[in-house]
Amino acid sequence: MAKNRVFRLKVRPQGEAKASDFELREEPLELLSKDQILVKVKYLSLDPTNRIWMSDMPQYMPPVEVGDVMRGLGIGMVEESQSPNFKKGDLVSGLLGWQEYSKVEAASLSKLPQWDVPLDAHMGPLGMTGWTAYFGLLNIGQPKPGETVVVSAAAGAVGSIVGQIAKIQGCHVIGLAGSDEKCHWLKEELGFDGVINYKKEHLGKALDRLCPKGIDVYFENVGGEVLDMILPRMNLFGRIPLCGLISSYNAEDKVPGPYQFSQILMKRLKVQGFIVFDFAKDIPAATEQLGQWLKDGRIRYKSTIVKGLEKAPEAMNMLFKGENTGKLFIEL
Ligand SMILES: NC(=O)c1ccc[n+]([C@@H]2O[C@H](COP(=O)([O-])OP(=O)(O)OC[C@H]3O[C@@H](n4cnc5c(N)ncnc54)[C@H](OP(=O)(O)O)[C@@H]3O)[C@@H](O)[C@H]2O)c1
């Protein structure tokens with residue numbers, strides 16, 4: 001019988017996740033039932049939210065239980081199908097898990113659109129992180145031409161697309177990133193108007209310099225001290241799509257702040273949390289638009305690829321250390 005290699009959650013991580021929090025097991029591949037598909041995983045997405053799923057904090061999906069296969073989004077190729085809707089060789093995406101082969105219900109899979117683009121584009125701009133940038137910025141941020149848009153984790157998978165869409169909307173775009181190399185990429189290749197290496201420069205002073213008219217839209221990816229620097233600099237009736245709070249995902253203690261919470265009232269800000277799948281019905285239209293921008297060269301992207309399933313737990317921590325540029329994923 002064919003074998004699968006599978007990561008199961010062994011214990012809930014304390015602080016940063018460690019390889020020892022997982023068990024990498026060899027398991028037999030079970031036979032398919034009606035409407036099930038066997039997918040050979042090719043790319044496994046590593047996302048900050050993986051760390052949330054490993055915990056038992058109240059969250060937007062059930063947590064991964066100890067003993068379960070670690071949940072993860074991925075792209076793969078259909079190996080075997082018991083559904084009329086899929087055939088061997090189809091490229092698909094879905095919650096495939098941290099494993100070499102995934103046995104899933106056909107209804108949970110999507111076929112990749114037949115775009116003439118490299119496969120990794122479906123992990124970044126044409127995948128979950130691209131949709132997150134698109135819906136969060138356009139539906140919640142509602143940027144208008146001439147407005148100032150600031151995005152944190154700007155050289156990451158979501159942030160790099162947010163900034164480019166904001167440029168397409170005619171905005172003045174400022175990105176925060178944790179290295180000079182990332183800042184250089186954002187400014188020179190992606191066309192951001194200004195960049196701040198928040199690890200090097202005083203964030204408040206740099207924001208005052210680069211956002212002389214204040215901030216109309218702040219696309220929030222990190223939380224913590226960054227948010228406290230942004231809030232007093234927001235303009236009246238500014239919008240904050242609250243996409244993520246990566247600075248606190250490994251926290252064991254209560255997370256303090258935001259200390260500038262009162263500014264939400266003073267400036268009449270709209271702060272709205274969202275999860276990309278709130279916009280599920282609009283994903284095909286968003287993919288179409290993002291694909292067009294990609295083809296037209298109006299959106300560019302980078303991938304950070306780590307080879308080998310066994311690297312998944314350590315590689316996930318690259319997100320928390322700022323060691324990725326663009327979308328981080330495992331190639332199996
Ligand atoms: N709401 C949704 O549906 C949804 C969907 C996808 C992602 N997200 C959220 O969006 C955010 C970005 O996700 P992503 O997948 O695109 O990851 P990413 O931005 O590609 O990677 C994470 C980046 O965050 C920065 N970072 C890490 N720790 C930080 C800290 N303590 N303070 C400031 N910056 C820090 C690092 O860049 P630097 O080098 O710049 O520090 C790192 O490269 C995350 O918060 C994630 O949870 C939300």
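This tour moves through a predicted model, from a central group of strands to its aromatic pairs and then to two charges placed over rings.

Begin by selecting strand S11, residues 215-219, where five of the five residues are buried, so that the strand is mostly covered. Add strand S8, residues 148-151, and you will find that S8 and S11 pair in the parallel sense over three bridges; within this pairing, Phe-219 in S11 is the bridge partner of Val-151. Next select strand S12, residues 234-242, which runs parallel to S11 and is joined to S11 by two bridges, with Arg-239 in S12 as the bridge partner of Val-217. To follow the chain from S11 to S12, trace it through helix H6, residues 224-230, in a β-α-β crossover that is right-handed.

Now turn to the aromatic rings, which form 10 pairs in this model. Select Tyr-249 and Phe-320, whose ring centres are 6.5 Å apart and whose planes stand at 70 degrees, so the pair is edge-to-face. Because Tyr-249 lies in the loop between S12 and helix H7 while Phe-320 lies in helix H10, this pair ties together parts that are 71 residues apart in sequence.

Move on to Phe-274 and Phe-279, another edge-to-face pair, with centres 6.3 Å apart and planes at 65 degrees. Phe-274 is buried at 6% relative accessibility, and Phe-279 is buried at 13%. Both belong to one aromatic cluster with Tyr-134, Phe-135, Phe-219 and Trp-293.

Finally, select Arg-71, which lies over the face of Trp-53 at 4.9 Å from the ring centre, and then Lys-111, whose charged end sits over the ring of Phe-86, 5.5 Å from its centre.

Notes:
Residues are numbered from 1 along each chain as its sequence is written. This is a predicted model: local features need pLDDT of at least 70, side-chain atom pairs count only at pLDDT 80 or more; totals for chains, interfaces and linings use all residues. Side-chain values use heavy atoms; hydrogens and water are left out. Buried means under 20% relative accessible area, exposed over 50%, partly exposed in between (1.4 Å probe, protein chains only). Helices (H or I, at least four residues) and strands (E, at least two) are DSSP runs, numbered from the N terminus. Two strands pair if DSSP finds at least two bridges between them. A crossover is right-handed if, with the strands pointing away from the viewer, the path from the first strand over the helix to the second runs clockwise. Rings of Phe, Tyr and Trp (its six-membered ring) pair if their centres lie within 6.5 Å; planes under 30 degrees apart count as stacked, over 60 as edge-to-face and the rest as tilted. A charge sits over a ring if NZ of Lys or CZ of Arg is within 6 Å of the ring centre and within 35 degrees of the ring normal.
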